[in-house]
Amino acid sequence: MRAGHTDGSRDHPYRTGHAGRAACSARGGMSGEKKSWFSRLKEGLSKSTQRITQSITNLFVKKKLDQKTLDELEEVLIQADLGVPVAGRLVENLRRTRFEKEVTDEEVRGAFADDIAQILTPVAQRLTLDPGRKPHVVLVVGVNGSGKTTTIGKLAKQFVEDGRKVLIAAGDTFRAAAVEQLKIWGERAGVPVIAKATGADAAGLAFEALEQARAQGADVLLIDTAGRLQNKTGLMEELAKIVRVMRKLDSSAPHSCLLVLDATVGQNAHNQVEVFREMVAVDGLVVTKLDGSAKGGVLVALAERFQVPVVAIGVGEGIDDLRPFDAKQFARSLMGLETAA
Ligand SMILES: Nc1nc2c(ncn2[C@@H]2O[C@H](COP(=O)(O)OP(=O)(O)OP(=O)(O)O)[C@@H](O)[C@H]2O)c(=O)[nH]1
């Protein structure tokens, strides 16, 4: 996957060639739209934010920054799923610059937000479509229920709105309900869904989908996959076979491999990244359900530990609730601070 840094001027979590860029630009940049997105991000993160800001505020009724308070702050950050290394680094930076000085809770939150934004900036990237690929194949992996189907549906709709020809392959052939759900999203997006009977070979389906996508001159092929982590060996073999079989047609496929993570699982997300990276070459994360989670901080821990690009975040079930990931906005929202437009 090639990815470009988020510039905040577009509202799609991906990038294309020049034509696509122009199309994206036309959709973004309206201040009303922007404003509502900022407030939605903030609203979405409010559970995570409340937990952190309340705890920090309780620690500061205008006082000098002593070691006890630093220790308590570190604990607050760990509790908020930012992870021990990040919490340690943030608190150490604060100690270095403000020890024994009078500080307010807002100053502390501001300092944390700046440091968090620095950690997140390198991973805030976009899914980039390679215009030379016809189609650009996006393999979407993740455990059941993480939001794969929904994310594929949202991405498909956004690609279509940008004038791309899209095909979806229902690669989770194990669960009939998953295929049905994908078909519903396909209809919403106006995108054909290539599916087979329950229990069919997923790799065979991916192969045929790629053949059809090529024959039809599609720009993008989005491939859903099974997420049965309880049968890790079976899943690993299945994903490896999908990749192997597609490479008979296109030796460079898949061109992107996105891992969808549910933010509400908190620290378990680390394990999921590790396990899926053993199986496939994950080169982008989509973090979903940030609207219903008090564990938004986990995204910071993941960025620090794995440095895998975060290409989009999900903050709701609606079509517009998949958004590009903006490091500064996210950091400031998490710390309950205003996000500059
Ligand atoms: N609140 C919220 N819900 C989401 C988000 N993304 C997905 N969901 C919901 O999460 C549930 C699971 O999403 P799916 O897309 O079906 O997940 P999946 O990974 O495809 O799961 P399987 O179909 O079981 O493989 C659905 O009810 C979605 O509507 C999000 O960003 N916010």
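The exercises below, each with a worked solution, concern a predicted model of a protein with a ligand.

**Exercise 1. Confidence**

Establish how far the predicted coordinates can be read, and name stretches where pLDDT is under 50.

Solution.
- Step 1: The average pLDDT of the protein is 85, and 86% of the residues score at least 70.
- Step 2: Residues 1-10 have a pLDDT below 50, although the model gives this stretch 35 contacts beyond near neighbours in sequence.
- Step 3: Residues 17-35 also stay under 50, with 22 contacts beyond four places in sequence.
- Step 4: Where pLDDT is low, the predicted coordinates should not be read in detail.
- Step 5: For the complex, the predictor reports an ipTM of 0.93 and a pTM of 0.87.

**Exercise 2. Overall make-up**

Describe the secondary structure of the protein, the share of buried residues and the sequence range of the contacts.

Solution.
- Step 1: The protein has 13 helices and 12 strands.
- Step 2: Of its 341 residues, 51% are buried.
- Step 3: Take the contacts between residues at least 6 apart in sequence; 79% of them join residues at least 24 apart.

**Exercise 3. The ligand shell**

How many residues surround the ligand, and which helix gives the most to the shell?

Solution.
- Step 1: The ligand is surrounded by 21 residues, of which Gly147, Lys148, Thr149, Thr150 and Gly314 are the closest.
- Step 2: At least two shell residues come from each of helix H7 (148-161) and helix H8 (176-189).
- Step 3: H7 gives the most, with 3 residues.
- Step 4: Sorted by class, the shell holds 13 polar, 6 charged and 2 nonpolar residues.

**Exercise 4. Packing of H11 and H12**

Describe how helix H11 (residues 268-279) and H12 cross, and which residues meet.

Solution.
- Step 1: Two packed helices are described by the angle between their axes and the distance between the axes.
- Step 2: Here the axes come within 10 Å and cross at roughly 35 degrees.
- Step 3: The crossing of H11 past H12 is right-handed.
- Step 4: From H11, Ala269, His270 and Val273 take part; they meet Val298, Leu302, Arg305 and Phe306 of H12.
- Step 5: This contact is made up of 5 nonpolar residues, 1 polar and 1 charged.

**Exercise 5. Glu304**

Place Glu304 in its helix, and state whether Glu304 is buried, partly exposed or exposed.

Solution.
- Step 1: Glu304 belongs to helix H12, which covers residues 298-306.
- Step 2: Glu304 has 17 other C-beta atoms within 10 Å. A buried residue would need 20 or more, and an exposed one 12 or fewer, so Glu304 is partly exposed.
- Step 3: Leaving out residues up to four places away in sequence, Glu304 touches Gly83, Pro85, Val86 and Ile119.
- Step 4: Val86 is 218 residues from Glu304 along the chain, yet their C-alpha atoms are separated by 7.2 Å.

**Exercise 6. Positive phi**

Locate Asp81 and Glu100, and give the phi of Asp81 and of Glu100. Is Asp81 buried or exposed, and is Glu100 buried or exposed?

Solution.
- Step 1: Most residues other than glycine have a negative phi, and most peptide bonds are trans.
- Step 2: Asp81, in the loop between helix H4 (67-79) and helix H5 (84-98), has a positive phi near 70 degrees. Asp81 counts as buried because 26 C-beta neighbours lie inside 10 Å.
- Step 3: Glu100 sits in the loop between H5 and strand E3 (102-103), with a positive phi near 65 degrees. Its count of other C-beta atoms within 10 Å is 10, so Glu100 is exposed.
- Step 4: Lys101 is in the loop between H5 and E3. With 9 other C-beta atoms within 10 Å, Lys101 is exposed.
- Step 5: Beyond four places in sequence, Lys101 contacts Lys64 and Leu65. The C-alpha atoms of Lys101 and Asp66 are separated by 8.4 Å, with their positions 35 residues apart along the chain.

**Exercise 7. Cis peptide bonds**

What is the omega of the cis bond from Lys134 to Pro135, and of the cis bond from Ala253 to Pro254?

Solution.
- Step 1: For the bond from Lys134 to Pro135, omega is near 5 degrees. Pro135 lies in the loop between strand E4 (127-128) and strand E5 (136-141).
- Step 2: For the bond from Ala253 to Pro254, omega is near -10 degrees. The loop that holds Pro254 runs between helix H10 (232-246) and strand E9 (256-262).

Key. Residues are numbered from 1 along each chain as its sequence is written. This is a predicted model: local features need pLDDT of at least 70, side-chain atom pairs count only at pLDDT 80 or more; totals for chains, interfaces and linings use all residues. A residue is near a molecule or strand if its C-beta atom, placed from the backbone, lies within 6 Å of it. Helices (H or I, at least four residues) and strands (E, at least two) are DSSP runs, numbered from the N terminus. Ala, Val, Leu, Ile, Met, Phe, Trp, Tyr, Cys and Pro count as nonpolar, Asp, Glu, Lys and Arg as charged, and the others, Gly among them, as polar. Two residues are in contact if their C-beta atoms, placed from the backbone, lie within 7 Å. Axes are lines fitted to C-alpha atoms, for helices over the stretch in contact, and angles run from 0 to 180 degrees between N-to-C directions. A crossing is left-handed if the near helix is turned anticlockwise from the far one by less than a right angle, and right-handed if clockwise. pLDDT is the predictor's confidence in each residue, from 0 to 100.
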